[in-house]
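Q: Could you take a close look at one part of this model for me, the place where the two domains meet? I'd like a connected walk through what holds the two sides against each other.

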Amino acid sequence: MSKEVVMDVAIVGGGIGGLALALFLHQRGIGCRVYEAIPEIGTVGAGINLLPHAVKQLDSLGLIPELDKVGIRTKDASYFNKYGQHIYTEPAGMNAGYKWPQYSIHRGDLQQVLLNAVIDRLGPDSVVTGHRCVGVENTGDGVTVAFEDPDGTLLDPVRARICVAADGIHSVIRKQFYPDEGEPVYSGLTIWRGVVPFKPFLSGANTIRVGWMPVGKIMVYPIRDNIDDEGNQLMNWVVTQERPKPDSMDWNKPAKLEDFFEPFKDWHFDWLDVPELLRQTPRPLIFPMVDRDPVETWTFGRTTLLGDAAHPMYPRGSNGAGQSILDGKILSQRLSEKGLTEEALQLYDKERVAKTAQVVLTNRKNPPDAILREVYERSGNQPFDRIQDLISDEELAEISASYKRIAGFAKEQLNAE
């Protein structure tokens, strides 16, 4: 008579948060398997900035050499008004004195680094694709997770001691526990983004933010170095404008240049030709800027949430992927300390729900690009003679420092931990 195999942890979702969790669990000797809905994990999305608090955790997994192969160590971050006038620059990563670098990296490259590490360390059967979760049932001493294949055919259910839902902002499991929550909350802002080969600008590893929402805002940074014989980098850009709520919440819908180009047509700066950057981009994408209101708990019995399933946030502080990595680190620690128990999940919940709720709410009101808002409002959207006549260096630095404290990457605190 065969005995039913019950795994330790079933991870629903093979994105950055789910794969990072698998590595942290493996590091602590806890078995797991990742179940991903799509048939094949590929390179999707565009660029992200991976901040030192997340890189610190990936360093503990020994992944720095692999990140160096595919990402760019960010040197600094700069802010400009729509006229190209310099407002503020601060060093980033190790240039700022952190013990760990900051990376500007293609999301797909980061996901592939994590996936390769999972396959290498946990084995080829540790990631199962073509499994779309359709529900979970807590059964007292464990969970039963139900899946269907891409054609909608039910697959054999999976039994585990713990289930972690890392299945993104449209999480099926979150919806099961919060059935009346509705669709994500639209910010009133729409984002267009793209990647394109382009010449390096400024330090060659700079993240710039220019303009402000009513007149158009753009963020630009390189995510791959030396991609051809002409010295180009793969440049990532993100345009944000105020728009009515769209009909579709599709995050990767193709867009037309004319849909967002007009505000930027004259932004020819000495250090970057923005119109040319946008014109050369082969396939820009559009998606609405959305998040969800924080909830009181992510944990129901032996099931909990992680990453965008738990705390989807606006992409305005480079913290979405980073916070999901921190979730995985803390969850693995609590499961190691308390065993595969509901108590461990409750301790993880208690530690992470409140912290990430602060980040979600701060990304709505005062993310780092609030620097641009202050200058836009105080200047009346007009050129300035001296930035110090509008805002002091100390106030600019404090806007940035305040966000770092809330998101958990204040330099002194992070280096000392």
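A: Let's start with a salt bridge: Arg 224 pairs with Asp 109, and their closest N and O atoms sit 2.8 Å apart. Keep in mind that this is a predicted model, so treat that distance as a computed one. In total, 3 salt bridges are counted between domain 1 and domain 2. Polar contacts add to the picture, with 13 residue pairs found across the interface of the two domains, both partners being at pLDDT 80 or more.

Who supplies the domain 1 side? Strand E3 (47–50), helix H2 (52–60) and helix H8 (342–365) each bring at least two residues to the face that touches domain 2. H8 has the largest share there, with 5 residues. Sort the residues on that face by type and you get 14 polar, 9 nonpolar and 5 charged.

Now step back to the domains themselves. Domain 1 is pieced together from 7–71, 107–183 and 292–365, while domain 2 takes in 191–289 plus 369–416. So Asp 109 falls in the 107–183 piece of domain 1, and Arg 224 in the 191–289 piece of domain 2. Going by C-alpha atoms, the two domain centres lie 28 Å apart. The contact draws 28 residues from domain 1 and 25 residues from domain 2. Between them, about 2100 Å² of area is buried, and carbon and sulfur atoms give 55% of that.

Key: Residues are numbered from 1 along each chain as its sequence is written. This is a predicted model: local features need pLDDT of at least 70, side-chain atom pairs count only at pLDDT 80 or more; totals for chains, interfaces and linings use all residues. Side-chain values use heavy atoms; hydrogens and water are left out. Domain bounds come from an automatic or database domain assignment. Contact means heavy atoms within 4.5 Å. Buried area is the accessible area (1.4 Å probe) that two parts lose on being put together, summed over both. A salt bridge is a side-chain nitrogen of Lys or Arg within 4 Å of a carboxyl oxygen of Asp or Glu. A polar contact is a pair of N or O atoms within 3.5 Å; within protein, one must be able to donate a hydrogen and the other to accept it, and residues adjacent in sequence count only if both atoms are side-chain atoms. Helices (H or I, at least four residues) and strands (E, at least two) are DSSP runs, numbered from the N terminus. Ala, Val, Leu, Ile, Met, Phe, Trp, Tyr, Cys and Pro count as nonpolar, Asp, Glu, Lys and Arg as charged, and the others, Gly among them, as polar.
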